[in-house]
Amino acid sequence: MNVSHKYKVIWWAPERTASKLLTQIFKHFEFEYPENKKRNHKLGEPYHSHEIGIPEGCENYEIICNVRNPYDRVLSLFKNFTSVGLNALYTRDRKDDFVKKFDYFIKELYIHAIKNDRIKNLEIETPIKTQIAKMNFSTRIPDYFIRMENIKEDLEKIPFIEQSPLWRSGEFLDLIDNNKFINRRPYHYNEIYTFESANKVYQYQKKLFFICGYDPFSFTTTHLSDDERKKFLHETF
């Protein structure tokens, strides 16, 4: 985790939530993160921590947490941290194949990884189970959320950010507008999910949808009937 003792704040920066971009902002506020028990790094030198936790002695600090629409984030984890995802090419001609591979990933993830430490047959290079579980907020619900889709709006709600000269001068806003860290893909996540795969993500991360106001039905552009919506919200597939 990343900590600023000056501002008494902990910053949680889960993978695939624009943490690289926000490091360029938070590094101006004396954040540091532990490399090991003997040494701390300043934020941005060379990177930042993705760990979720509360350091000893910081129990009363406020917590800021990056988040992202769960459907979008899980798809990003698939594309960036699994061998099958890295090798899955999305084109108009190969869309069905891409969707099938992602659907299989979701089924394996939520059948096996939620209960076990390994995901079978996916050759995952990093612990996806742990990355997903970070959004359950079992330790504590953060005081502030920075939604990747609303970075400017949410940063402005944080007092030490809003009051800083770099925010008021517009320098941070320019950084956000011209960032190169948020991945731009040739497809949108609502083109990839099936009803069943989206249901698994929603049921497991229901708390995040509720706390941060994400639309449970944002996984699709198809109009769902009232019965389909009720089934999606209350049944597990």
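Axes here are lines fitted to C-alpha atoms, for helices over the stretch in contact, and angles run from 0 to 180 degrees between N-to-C directions. Keep in mind that this is a predicted model.

**Exercise 1.** Work out how helix α2 and helix α10 are oriented to each other, and which residues make their contact.

*Solution.*
- Step 1: Start with the geometry: α2 (residues 70-81) packs with α10 at an angle of about 110°, and their axes are 10 Å apart.
- Step 2: Angles of 65 to 115 degrees count as roughly perpendicular, so that is how α2 and α10 lie to each other.
- Step 3: Now look at the contact, where α2 brings Pro70, Tyr71 and Val74, while α10 brings Ala198, Val201 and Tyr202.
- Step 4: Sorted by class, the contact of α2 with α10 holds six nonpolar residues, no polar and no charged ones.

**Exercise 2.** Do the same for α10 and helix α12: find their orientation and the make-up of their contact.

*Solution.*
- Step 1: Helix α10 spans residues 195-204 and α12 spans residues 226-234; they pack at an angle of about 50°, with 9 Å between their axes.
- Step 2: This angle makes α10 oblique to α12.
- Step 3: From α10 come Phe195, Ala198, Asn199, Tyr202 and Gln203; from α12 come Glu228, Phe232, Leu233 and His234.
- Step 4: The residues of this contact of α10 with α12 split into five nonpolar, three polar and one charged.

**Exercise 3.** Find the ring that lies under the charged end of Arg229.

*Solution.*
- Step 1: A charge sits over a ring if CZ of Arg is within 6 Å of the ring centre and within 35 degrees of the ring normal.
- Step 2: The ring is that of Phe217, with the charged end of Arg229 sitting over it, 4.3 Å from its centre.

Notes:
Residues are numbered from 1 along each chain as its sequence is written. This is a predicted model: local features need pLDDT of at least 70, side-chain atom pairs count only at pLDDT 80 or more; totals for chains, interfaces and linings use all residues. Side-chain values use heavy atoms; hydrogens and water are left out. Helices (H or I, at least four residues) and strands (E, at least two) are DSSP runs, numbered from the N terminus. Angles under 35 degrees count as roughly parallel, over 145 as roughly antiparallel, 65 to 115 as roughly perpendicular and the rest as oblique. Contact means heavy atoms within 4.5 Å. Ala, Val, Leu, Ile, Met, Phe, Trp, Tyr, Cys and Pro count as nonpolar, Asp, Glu, Lys and Arg as charged, and the others, Gly among them, as polar.
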